[in-house]
Amino acid sequence: MTRWGILATGHIASRFAEDLRLVPDAELVAVGSRAADSARRFADTYGAKRAYGSWVELAADPEVDAIYVATPHSAHYEAAMTCLTAGRPVLLEKPFTLSLATSTELVETARAAGVFLMEAMWMRTNPLVLRAVELIAEGAIGAVTGVRADFGVAGPFPPEHRMRNPALGGGALLDLGIYPISLAHLLLGVPQHVRSWARLGPEGTDENTGMLFGYDSGALATLSCGMVGASSLAASITGSTGRIDLPEPFFRPGSLTLHRAGAEPETITADLAGNGYQYEAIEVQRCLAAGLTESPLVPHATTLEVMALLDTVREQIGVRYE
């Protein structure tokens with residue numbers, strides 16, 4: 001049995017707690033928040049035995065085997081470091097932190113202490129996304145020549161909302177754009193050329209962002225994110241002999257459509273229960289049982305390479321965080 005703690009009590013924490021009920025040999029035993037009453041309400045709602053009014057107390061609980069960190073982006077570094085220095089394995093919400101430098105510190109801390117650390121990029125543990133990767137490796141669509149993906153939401157959000165507030169790591173890029181970027185990275189690796197443009201809001205965070213990644217292979221990734229209109233949330237992977245389409249939402253697809261050259265389209269489905277967060281929890285438990293300190297599905301190197309791309313795009317579009 002893996003005994004879980006959840007650090008933070010917001011929307012994503014709630015969805016993770018719901019899905020944890022679907023994970024074999026998993027139990028939510030503790031919740032931590034800077035507000036004791038919030039922690040108690042969350043614990044009562046999801047059946048946790050203990051509620052703590054501080055992150056330090058949660059991290060110090062000897063009966064917690066792993067902690068899921070679900071704070072706003074700006075608190076990821078402090079929360080994760082609190083857990084890692086206490087020797088607690090961590091599943092840390094994306095993006096890891098607000099910069100490559102602080103993300104690298106977390107990885108180095110985890111490695112030095114021999115403590116498990118994984119980014120909660122749930123898309124990379126989704127069964128149908130993994131099936132798409134398998135199909136590509138099998139040569140189903142030939143060499144990948146292009147990736148298109150977008151993630152746009154309608155809004156509007158008030159200025160103090162985390163999506164707009166620079167003090168909370170606001171903007172479309174870190175919250176939404178990380179998904180198209182991560183998909184492109186999963187399929188094509190690190191691009192050799194990055195070009196970006198964005199419209200910034202009055203707070204200085206990006207409202208509508210476009211990115212073009214170029215690869216020495218000749219492949220292109222055309223990516224976008226925004227909070228000025230609801231987009232299709234779909235993705236398309238083009239190969240030299242076919243295509244794979246991931247429908248809405250591409251980061252948690254319920255199906256995929258394979259277009260092989262000269263053949264009828266083939267739709268592949270999977271019975272995905274819950275919100276889709278259970279697969280990252282299952283991966284954490286698998287790694288802990290095997291004595292691993294990082295996941296082969298979401299390795300540290302991948303997290304840091306994606307963070308480097310986020311830094312590059314932010315620099316190009318002019319978004320700064322203190």
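1. Let's start with the core. In this predicted model, the largest nonpolar core holds 110 residues, and W4, F213 and I244 touch the most other members. Helix 7, spanning residues 172–188, gives this core its largest share, with 11 residues.

2. Burial across the chain is worth a look as well. Of the 322 residues, 55% count as buried. The accessible surface is about 12,900 Å², and carbon and sulfur atoms make up 53% of that area.

3. Next, the overall build. The protein chain has nine helices and 14 strands. Its radius of gyration is 19 Å, close to the 20 Å that the globule rule gives for 322 residues, so the chain is as compact as a globular protein of that length. Along the principal axes, the C-alpha atoms fill a box of roughly 60 × 45 × 35 Å.

4. On contacts along the sequence: taking those with a separation of 6 or more, 64% are between residues 24 or more positions apart.

5. For the charges, the chain carries 24 positive and 36 negative ones, and the mean positions of the two sets are 1 Å apart.

6. Finally, a residue you may like to find on screen: K49. Look for K49 in the loop between helix 2 (36–46) and strand 3 (50–52). K49 has a relative accessible area of 54%, over the 50% cut-off, so this lysine counts as exposed. Beyond its neighbours within four places in sequence, K49 is in contact with E27, L28, V29 and R40. R320 lies 271 residues from K49 along the chain, and the C-alpha atoms of the two are separated by 41 Å.

Definitions and conventions: Residues are numbered from 1 along each chain as its sequence is written. This is a predicted model: local features need pLDDT of at least 70, side-chain atom pairs count only at pLDDT 80 or more; totals for chains, interfaces and linings use all residues. Side-chain values use heavy atoms; hydrogens and water are left out. Helices (H or I, at least four residues) and strands (E, at least two) are DSSP runs, numbered from the N terminus. The radius of gyration is taken over C-alpha atoms; the globule rule is 2.2 Å times the number of residues to the power 0.38. Buried means under 20% relative accessible area, exposed over 50%, partly exposed in between (1.4 Å probe, protein chains only). Contact means heavy atoms within 4.5 Å. Accessible areas come from the Shrake-Rupley method with a 1.4 Å probe; for residues, only the protein chains shown count as cover. Lys and Arg count as positive and Asp and Glu as negative; His and the chain ends are not counted. The place of a charge is taken as NZ of Lys, CZ of Arg, CG of Asp or CD of Glu. A nonpolar core is a set of buried Ala, Val, Leu, Ile, Met, Phe, Trp, Tyr and Cys residues joined through side-chain atoms within 4.5 Å.
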